[in-house]
Amino acid sequence: MSPSLDHAGTGVNLFATANLSGTARWFEDTSDVLDIDDDDLEDTIAFVHKGGMTFLSPILPDLKGIVCTAGSRESHLAILSRESAVPCVLAAQLAADVPSGAQVTLGLTDAETATIDIVESPAVIA
């Protein structure tokens, strides 16, 4: 039985590729990148707010994918993602909150539009 998906949003697909799943992690500024301290990024789908997020450059090739709530196919982030062959969703319109730690799936098979779905949200600790 496959897990149920909660549709979180859509965006511009930088390039068509196979769908992928991983763990969402928000990067708000440089300190978030500096705080990684050898975390395993192979399963990380980075979520950012600006297409000019050059502070991701040191870790970008290690990421599984990127979702950006702004940007275009000509943005700096798009250029770096394309050069590193890291799937990237740009101008993402998120209709649902995607918390860090959520398991997400990016639908990337369409050349124009990508989908973002939440497979599982992180457990809430009371």
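Which residue in E7 does Thr105 stand opposite? Select Thr105 and look across to E7: the residue facing Thr105 there is Asp117. Keep in mind as you click around that this is a predicted model.

**The hairpin**

Stay with that pair of strands. E6 and E7 (residues 113-120) run antiparallel, joined over five bridges. Together E6 and E7 make a hairpin, and five residues sit between the two strands. Now colour E6 by burial. Four of its five residues are buried, so the rest of the structure largely encloses this strand.

**The other side of E6**

Next, select E2, residues 20-26. E2 is also antiparallel to E6, this time over four bridges. Two pairs are worth labelling. Leu20 has Leu106 as its bridge partner in E6, and Thr23 is matched in E6 with Gln103.

**Zoom out to the barrel**

Show the strands alone. Seven of them close into a barrel, and you can trace the order as E1-E5-E4-E3-E2-E6-E7. The pairing in this barrel is mixed. On average, neighbouring strands of the sheet are turned by 40° against each other, with direction ignored.

**A loop stop**

Go to Asp97, in the loop that links strand E5 (88-94) to strand E6 (103-107). Is Asp97 buried or exposed? Turn on the surface: Asp97 is exposed, with a relative accessible area of 65%. Then add Gly9 to the selection. Gly9 and Asp97 are 88 residues apart in sequence, yet their C-alpha atoms are 9.5 Å apart in space.

**Helix H2**

Select residues 76-84, which is helix H2. Its buried residues are Leu77, Ala78, Leu80 and Ser81. Look down the axis of H2 and you'll find these buried residues within an arc of 165°, so they line one face of the helix. That spacing fits a general rule: an α-helix has 3.6 residues a turn, so residues three or four places apart point the same way. What lies over the buried residues of H2? Strand E3 (44-48), strand E4 (65-68) and E5 are among the elements that cover them. Step just past the end of H2 to Ala85, which takes a positive phi of about 55°.

**Two cores**

Now show nonpolar side chains. The largest nonpolar core has 20 residues, and the members that touch the most others are Phe27, Val48, Leu56, Ile59, Leu63, Ile66 and Leu77. E3, E4, H2 and E5 each supply at least two residues of this core. H2 gives the most, with three residues. Hide that set and select Ile45, Phe47, Val67 and Ala92: these belong to a second, separate core of 17 residues. In soluble globular proteins, nonpolar side chains tend to be buried together.

**Last stop: the cysteines**

How many disulfides are there? The count comes to zero. Select Cys68 and Cys88 to check the pair for yourself. The nearest cysteine sulfur to that of Cys68 belongs to Cys88, 6.5 Å away. Why doesn't that pair count? A disulfide here needs the two sulfur atoms within 2.5 Å, so a pair beyond that cut-off is left out. From the Cys88 end, the nearest cysteine sulfur is that of Cys68, and Cys88 is in no disulfide either. Switch the surface back on for a final look: Cys68 is buried, with a relative accessible area of 0%, and Cys88 is buried too, at 1%.

Notes: Residues numbered from 1 in each chain as written. Predicted model: local features only at pLDDT ≥ 70, side-chain atom pairs only at ≥ 80, totals over all residues. Heavy atoms only, no water. Buried < 20%, exposed > 50% of the residue type's maximum accessible area, 1.4 Å probe, protein only. Arc of directions from axis to C-beta. Contact = heavy atoms within 4.5 Å. Pairing = 2+ DSSP bridges. Axes fitted to C-alpha atoms, helices over the stretch in contact; angles between N-to-C directions. Core = buried A, V, L, I, M, F, W, Y, C linked by side-chain atoms within 4.5 Å.
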